[in-house]
Amino acid sequence: MKRYPNVILATCPVPWTVRYELDELTFQQTVKWICSQLSNYVYLFGTAGEGYAVTNRQFTAIAKSFRHCLPSQSHPMIGLISLSLGTIIERIECGRDLGFHDYQLSLPSWGALTDREVDAFFAETCGRFPDCRFLHYNLARAKRLLKGDDYARLVSRHPNLVAVKMGGEDAAAFADILTKAPELQCFFTEFGFAAMRDRFECGLLAALSAADHKRARAYFAARGDDLRQGCEEFRAVHRAIKAAIDPAETHMDGAYDKIYIKRLRPGFPLRLLPPYSFPDDGAVDRFEKGLPSAWRRSS
């Protein structure tokens, strides 16, 4: 049996004021809206949520605000991104004090971890906190992509390692993990989901689909020809977002996710914490004009 449910997993980006302080009212309203319109399985401080950029003070304050506004039926997760394992441990301890028990891990990215270092990392997170559940974000930015054999070894040692999330379209790598570590729930973005869902149980990591929550839910439920047709629509959405912003200037995940939210909630600011660049507000209009005609709000 899978260790985590088959659901849509949704990120909660953080809105910043002109002084780069938390816009708490907008943040809490957006979290409630995502939970009601897209998914009750939400996470804070992934790459789209700028978990790599917040200070410990910001981490604590925003996590408190997140906890305060979550609907009772929600299933929240806290992201942990740091070069320091000690900082990650401290943030888990902070999250536990606030009542969080699900966490999203990313490997430290200063240098690619060896097998021995990977095992030590999971021992000091999953092993240290057996009362918590952990999802691993397996991404190239960490300089070490884990494979099926890695996860097979880790799940045998850590029953609270429950899920993996991955972007891209490497169907062979996805199938390797799904086959060798079948206990893990795997979350893929739209293209990976389309490649795997008819053969394996897997969840949807809402990326492009965060731009239209109704279509996201329909895509999650689709199979066969409907799934393939939906995938082609998302390829058009992908082209639209790439055309809307300059990737040479704006390259962080959060820039994309904030455009998707602002399309649906115009008051949401596009700012990213310095030094990272973010697009101008016109990017939302450019994105809208590039979408398939059936997606456009004026249609």
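Q: Where does Gly-230 lie in this predicted model, and is Gly-230 buried or exposed?
A: In this model, which is predicted rather than determined by experiment, Gly-230 belongs to helix H9, which runs over residues 224–244. Its relative accessible area is 11%, and because buried means under 20%, Gly-230 counts as buried. As for its place relative to another part of the chain, the C-alpha atom of Gly-230 is separated by 28 Å from that of Lys-147, the two residues being 83 apart along the chain.

Q: How should a residue such as Glu-183 be read, and what does Glu-183 touch?
A: One begins with the element, then turns to accessibility, and then to contacts. Glu-183 sits in the loop that joins helix H6 (171–180) to strand S7 (185–188). With a relative accessible area of 27%, Glu-183 is partly exposed, a class that lies between the limits of 20% and 50%. Leaving aside residues up to four places away in sequence, Glu-183 is in contact with Met-1, Lys-2, Arg-3, Val-155 and Val-162. A C-alpha separation of 9.8 Å is found between Glu-183 and Ser-156, which are 27 residues apart along the chain.

Q: Which residues of H6 are buried, and how are they arranged around the helix axis?
A: The buried residues of H6 are Phe-174, Ala-175, Ile-177 and Leu-178. Viewed down the axis of H6, these buried residues fall within an arc of 160°, so they line one face of the helix. Ala-172 and Thr-179, on the other side of H6, are exposed.

Q: What do the buried residues of H6 pack against?
A: Their partners are helix H5 (148–157), strand S6 (161–166), strand S7 and helix H7 (190–196).

Q: How does one read a strand, and how many residues of strand S5 are buried?
A: In a regular strand the side chains alternate between the two faces of the sheet. In strand S5 (residues 133–137), four of the five residues are buried, so this strand is largely enclosed by the rest of the structure. S5 pairs with strand S4 (residues 102–105) in the parallel sense, over four bridges, and within this pairing Gln-104 stands opposite Leu-135 in S5.

Q: Which backbone angles deserve a closer look, and where is there a cis peptide bond?
A: Two kinds of feature can be taken together here, the omega of a peptide bond and the sign of phi. The bond from Pro-274 to Pro-275 is cis, with omega near 10°, and Pro-275 is placed in the loop between helix H10 and helix H11 (282–290). Glu-50, although not a glycine, has a positive phi of about 60°; this residue lies in the loop between strand S2 (41–44) and helix H2 (56–69), and Glu-50 is buried, with a relative accessible area of 0%. Lys-143, likewise a residue other than glycine, has a positive phi near 70°, and Lys-143 is found in the loop between S5 and H5.

Q: How is empty space found in a model, and what volume has the largest cavity?
A: Rolling a probe the size of a water molecule over the atoms shows where empty space is left. Here the count comes to one cavity of 30 Å³ or more, and the volume of the largest cavity is about 80 Å³. Its lining consists of Ala-10, Thr-11, Pro-13, Ile-34, Leu-38, Ala-206, Ala-210, His-213, Asp-257 and Ile-261, which divide into seven nonpolar, two polar and one charged. Strand S1 (8–11) and helix H10 (253–264) each contribute at least two residues to this lining.

Q: What lines the largest pocket, and which residues lie nearest its centre?
A: The largest pocket holds about 930 Å³ of space. It is lined by 38 residues, with Tyr-137, Gly-167, Gly-168, Thr-189 and Asp-253 lying nearest its centre. The elements that give two or more residues to this lining are S6, H6, H7, H9 and H10, and the largest share, five residues, comes from H6. By class, the lining of the largest pocket divides into 20 nonpolar, eight polar and ten charged residues.

Q: How much space lies in the second largest pocket, and which residues are closest to its centre?
A: About 340 Å³ of space lies in the second largest pocket. Of the 15 residues that line it, Tyr-52, Ile-81, Leu-83, Ser-109 and Arg-141 are the closest to its centre, and the lining comprises nine nonpolar, four polar and two charged residues.

Conventions: Residues are numbered from 1 along each chain as its sequence is written. Side-chain values use heavy atoms; hydrogens and water are left out. On a 1 Å grid over the protein atoms alone, a cavity is a set of points where a 1.4 Å probe fits but cannot get out, and a pocket is an open set with protein on both sides within 12 Å along at least five of seven lines; lining residues have an atom within 4 Å of a point. Grid points are joined across faces, edges and corners, and a volume is the space filled by probe spheres set on the points. Ala, Val, Leu, Ile, Met, Phe, Trp, Tyr, Cys and Pro count as nonpolar, Asp, Glu, Lys and Arg as charged, and the others, Gly among them, as polar. Buried means under 20% relative accessible area, exposed over 50%, partly exposed in between (1.4 Å probe, protein chains only). Contact means heavy atoms within 4.5 Å. The arc is that of the directions from the helix axis to the C-beta atoms. Two strands pair if DSSP finds at least two bridges between them.
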